[in-house]
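I am opening a fresh page for this structure. Come along as I look things up, one entry at a time.

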Amino acid sequence: MSADTVPDESTRVPDAGDDVLVVRSLVRRFGGITAVDDVSFRIGQGETYGLLGPNGAGKTTTISMVAGLIRADSGATLVNGREMGPDRVDVKHHIGLVPQNLAIYPDLTGRENLRYFGRLQRLGREALDRRVDEVLELIGLTDRAGDLTKEYSGGMKRRLNIGIGLLHQPRLLILDEPTVGVDPQSRHAILESVEALSVEGMAVLYTTHYMEEAERLCDRIGIIDEGRIQAEGSRDELVRLTGGVDHIRLNGSGDIDVAADALRELPEVEQVDADRRTLYLTVRDAPTAVARIVTSATRAGLSLTDVEITRPDLESVFLHLTGKALRD
Ligand SMILES: Nc1ncnc2c1ncn2[C@@H]1O[C@H](COP(=O)(O)OP(=O)(O)OP(=O)(O)O)[C@@H](O)[C@H]1O
Ligand SMILES: [Mg+2]
């Protein structure tokens, strides 16, 4: 379908499948910079998809195209099988966008803000009252609904921002780094709200540069850097890309070299490096292997003072794929 054909509301693109969102080969340039470079992914009903990447990776530009705020240079976005674009008001109705920057009125209460935005969505009076109560409950602000939002904490304002995106019960909710700069209590409340939405069957597109959030919330994660999705999969699938090995560090006194030789005999140990007081082991399945390793090192005369297991996480995956740390 060419970009200038506007299909009528009943037209579904044939190969969209059951996915709520299909993103195909999106490209967007700003001057000489290719901010988004051939990005594709899909999100099914009830699925939470994470775009995990550092500052400037192209997350906000990607979701701005998905939400129809800016035009793609090429590629396509289908929401419920219908093609999204800046002029597709009917398609935009299926998504809720929670932008990185807050969009709420400080001199209105939380409830008044929700009612105001709900009326813009053309919710009728009774439906609006009911929905505002539901949303307040979902974002954990029922108790503070009557307070002016200029008196809210940063995290409470963000939660209200999320609530506004939810009023019209979209099929797809898009959240752009919703926990940046919020207090731990609000962060917890935000993550819990997102989990609850996914249980209700909403599709969620969640951008973050916090790997803990991607690990906790997302069924699938696209690791994005320099405008490209470098790898995609569940947390466990991504971690396997690093080779699936764990690391164990042993500190102690005794003859380190004798202990190193003894440990090299163990089948689960792949590599042993030693310096004066420390052994660095590369092993398969560290939690299972550690008991045998400790026994073997002790038998070899090492008196252990410290044992540390490190298993790969998404941070290691990012490093493996890009050679860089996820955080500055
Ligand atoms: N309107 C614009 N004009 C020029 N360059 C832009 C514009 N918007 C984004 N860019 C550039 O595109 C690249 C991707 O930016 P984008 O905002 O999508 O990254 P991001 O992953 O959302 O980063 P952050 O985590 O900091 O929000 C950056 O190099 C940015 O400077
Ligand atoms: Mg951004």
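**Entry 1: ligand 1**

I began with the polar atoms facing ligand 1, keeping in mind that this is a predicted model. An N or O atom in the side chain of Thr60 sits 2.8 Å from an oxygen atom of ligand 1. For the side chain of Asn55, I noted 3.0 Å between an N or O atom and an oxygen of ligand 1. The side chain of Gln100 also has an N or O atom facing a ligand 1 oxygen, at 3.1 Å. I then looked up how much of the ligand is covered: ligand 1 alone exposes 640 Å², and the protein buries 62% of that.

Next I listed the surroundings. The residues around ligand 1 include Phe30, Ala35, Pro54, Gly56, Lys59, Thr61 and Glu177. Which helix gives the most to this shell? I found that helix 1 does, with 3 residues.

**Entry 2: the magnesium ion**

Two names from my first entry came back here. The magnesium ion, ligand 2, is coordinated by OG1 of Thr60 and OE1 of Gln100, at 2.0 to 2.6 Å. Thr60 belongs to helix 1 (residues 59-66), while Gln100 is in the loop between strand 6 (95-98) and helix 3 (110-120), so the pair ties together parts that are 40 residues apart in sequence.

I also checked how open these two residues are. Thr60 has 33% relative accessibility, so I wrote it down as partly exposed. Gln100, at 31%, is partly exposed too.

**Entry 3: Glu177**

I had met Glu177 in the list around ligand 1, and I wanted to know where it sits. I found Glu177 in the loop between strand 7 (172-176) and helix 6 (184-199). Is Glu177 buried or exposed? Its relative accessibility is 4%, so it counts as buried.

The side chain of Glu177 makes a polar contact of 3.5 Å with the side chain of Gln100. Leaving aside neighbours within four places in sequence, I listed the contacts of Glu177 as Lys59, Gln100, Arg158, Thr207, Thr208 and His209.

**Entry 4: the nonpolar cores**

How many residues are in the largest nonpolar core? I read off 41, and the residues with the most contacts inside this core are Leu114, Ile162, Leu173, Leu175, Ile221 and Leu314. Helix 5 (residues 154-166) gives the most to this core, with 5 residues.

I took Leu173 as my example. Not counting neighbours within four places in sequence, Leu173 is in contact with residues including Gly96, Val98, Ile162, Leu166, Leu197, Met202 and Leu205. There is also a second, separate core of 24 residues, and Val23, Val66, Ala67 and Ile95 are among them.

**Entry 5: Asp246**

I found Asp246 in strand 11 (residues 246-253). With a relative accessible area of 2%, Asp246 is buried.

What does its side chain reach? I noted the backbone nitrogen of Ala286 at 2.9 Å, and a polar contact of 3.0 Å with the side chain of Arg311. Setting aside residues up to four places away in sequence, Asp246 touches a longer list, including Leu281, Thr282, Val283, Asp285, Pro287, Thr310 and Pro312.

**Entry 6: Asp147**

I turned to another aspartate, Asp147, in the loop between helix 4 (125-138) and helix 5. Asp147 is partly exposed, with a relative accessible area of 26%.

A polar contact of 2.5 Å joins the side chains of Asp147 and Arg144. I also looked up a pair that is separated along the chain: Asp147 and Gly110 are 37 residues apart in sequence, with 6.5 Å from C-alpha to C-alpha. Beyond its neighbours within four places in sequence, Asp147 is in contact with Leu108, Thr109, Gly110 and Tyr152.

**Entry 7: the whole chain**

Last, I stepped back to the full chain. I counted 11 helices and 14 strands in the protein chain. Its C-alpha atoms fill a box of roughly 75 × 50 × 35 Å along the principal axes. Of the 328 residues, 48% are buried.

The accessible surface of the protein chain comes to about 15,700 Å², and carbon and sulfur atoms account for 48% of that surface. I closed with the contacts: among those between residues at least 6 apart in sequence, 68% join residues at least 24 apart.

Methods: Residues are numbered from 1 along each chain as its sequence is written. Chains are lettered from A and ligands numbered from 1 in the order in which they are written. This is a predicted model: local features need pLDDT of at least 70, side-chain atom pairs count only at pLDDT 80 or more; totals for chains, interfaces and linings use all residues. Side-chain values use heavy atoms; hydrogens and water are left out. Donors are N, O and S atoms within 2.8 Å of the metal (3.2 Å for Na, K and Ca); water is not among the atoms, so sites may look incomplete. Helices (H or I, at least four residues) and strands (E, at least two) are DSSP runs, numbered from the N terminus. Buried means under 20% relative accessible area, exposed over 50%, partly exposed in between (1.4 Å probe, protein chains only). A nonpolar core is a set of buried Ala, Val, Leu, Ile, Met, Phe, Trp, Tyr and Cys residues joined through side-chain atoms within 4.5 Å. Contact means heavy atoms within 4.5 Å. A residue is near a molecule or strand if one of its heavy atoms lies within 4 Å of it. A polar contact is a pair of N or O atoms within 3.5 Å; within protein, one must be able to donate a hydrogen and the other to accept it, and residues adjacent in sequence count only if both atoms are side-chain atoms. Accessible areas come from the Shrake-Rupley method with a 1.4 Å probe; for residues, only the protein chains shown count as cover.
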